[in-house]
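Please open the model in your viewer and keep the sequence panel beside it, since this tour moves from one selection to the next.

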Amino acid sequence: MSPLAQEQLDEICRHAVEEYPFECCGIVVGKPDHNNENIVYRCTNIQNKLHEKDPVNYVRDARTAYNVSALELQKLLSAASSKGLIFKVLYHSHPEHDAYFSEEDTRMALFDGETPIYPDTSYLVVSVYDKKIRDQALFSWNPETKTFERTLD
Ligand SMILES: [Zn+2]
């Protein structure tokens with residue numbers, strides 16, 4: 001079963017178009033056994049702020065990177081878990097790039113280069129060119145190959 005229903009995917013695509021030319025990011029939480037009651041939360045991409053403050057450590061700006069504040073994410077996830085909702089999807093967009101899982105995406109999804117921070121969460125990447133959605137792809141951690149692999153959306 002897809003972790004996302006069509007209307008949630010539509011909402012994420014709207015977010016990607018609105019944030020263009022910057023990357024959008026957000027999460028989807030919901031009940032473990034179905035996707036009808038999923039909730040999409042838009043998160044703030046703080047990458048531009050990080051880049052302005054510290055361009056040496058944050059080389060990229062929000063056109064090619066995303067960053068969610070740990071505090072914002074923690075608040076959303078603890079509110080969700082108190083309602084019995086699980087963290088299903090972390091999404092972000094790729095303005096003017098295809099819907100692949102980049103090296104940077106992999107690095108951001110791992111603690112120490114090999115342990116996934118959220119092993120049961122899928123990652124959705126939405127490709128948007130010239131303010132139009134071109135493609136999307138879902139990736140999940142495969143513990144056997146120790147890589148993120150594209151799964152059926
Ligand atoms: Zn990415």
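Before the first selection, one term is needed: a residue is called buried when its relative accessible area is under 20%, exposed when that area is over 50%, and partly exposed in between. Please also keep in mind throughout that this is a predicted model.

**First stop: a pair of rings**

Select F87 and show its side chain; with a relative accessible area of 11%, F87 falls under the 20% limit and is therefore buried. Now add Y118, which at 25% relative accessibility counts as partly exposed. The rings of F87 and Y118 form an aromatic pair of the edge-to-face kind, with 4.9 Å from centre to centre and 75° between the planes. Which parts of the chain does this pair tie together? F87 lies in strand β3 and Y118 in the loop between α4 and β4 (122-129), so the contact joins parts that are 31 residues apart in sequence.

**Second stop: the other aromatic rings**

The pair just shown is one of 6 aromatic pairs that the structure holds. For another, select W141 and F148, whose rings are also described as edge-to-face, at 5.1 Å centre to centre and with 65° between the planes. Are these two residues buried or exposed? Both W141 and F148 are buried. If you then extend the selection to F101, Y123 and F139, you will see a cluster in which ring pairs link these residues with W141 and F148.

**Third stop: the zinc ion**

Select the zinc ion and display the side chains around it. Which atoms coordinate the zinc ion? The donors are NE2 of H92, NE2 of H94 and two OD atoms of D105, at 2.0 to 2.3 Å. The angles among the 4 donor atoms run from 58 to 159°, and the site is classed as irregular. Along the sequence, the donor residues follow the spacing H-x1-H-x10-D. Because H94 lies in strand β3 (residues 86-95) while D105 lies in helix α4, this pair ties together parts that are 11 residues apart in sequence. If you switch on a surface here, note that H94 and D105 are both buried.

**Fourth stop: the largest pocket**

Next, select V68, L73, M108, I117 and Y118, which lie nearest the centre of the largest pocket and belong to the 14 residues that line it. Y118 will be familiar from the first stop, where its ring was paired with that of F87. Two elements give two or more residues to this lining, namely α3 (70-82) and α4 (103-109). The largest share comes from α3, with 4 residues. The space in this pocket comes to about 260 Å³, and its lining divides into 11 nonpolar residues, 3 polar residues and no charged ones.

**Fifth stop: the second largest pocket**

Now select Q47, Y58, R60, E104 and R107, the residues nearest the centre of the second largest pocket, which is lined by 13 residues. About 160 Å³ of space lies in this pocket. Which element gives the most to its lining? That element is α4, with 4 residues. By type, the lining of the second largest pocket consists of 5 nonpolar, 4 polar and 4 charged residues.

**Last stop: details of the backbone**

Return to strand β3 and select I86, which lies in that strand and, at 39% relative accessibility, counts as partly exposed. With a distance tool, take the C-alpha atoms of I86 and N57: they are 32 Å apart in space, for residues 29 apart in sequence.

Three loops complete the tour. In the loop between α1 (6-19) and β1 (25-30), select P21; the peptide bond from Y20 to P21 is cis, with omega near 10°. In the loop between β3 and α4, select E96, which has a positive phi of about 60° although E96 is not a glycine. E96 is partly exposed, with a relative accessible area of 36%. Finally, go to D130 in the loop between β4 and β5 (132-142), where phi is again positive, at about 50°, in a residue that is not a glycine. With a relative accessible area of 52%, D130 lies over the 50% limit and is therefore exposed.

Terms used. Residues numbered from 1 in each chain as written. Predicted model: local features only at pLDDT ≥ 70, side-chain atom pairs only at ≥ 80, totals over all residues. Heavy atoms only, no water. 1 Å grid on protein atoms, 1.4 Å probe; cavity = no way out; pocket = protein on both sides within 12 Å on 5 of 7 lines; lining within 4 Å. Points joined across faces, edges and corners; volume = space filled by probe spheres on them. Nonpolar A, V, L, I, M, F, W, Y, C, P; charged D, E, K, R; others polar. Donors = N, O, S within 2.8 Å, 3.2 Å for Na, K, Ca; no water. Tetrahedral: all angles 85-135°; square planar, octahedral: opposite > 155°, others 65-115°. Buried < 20%, exposed > 50% of the residue type's maximum accessible area, 1.4 Å probe, protein only. Phe/Tyr/Trp six-rings, centres within 6.5 Å; stacked < 30°, edge-to-face > 60°.
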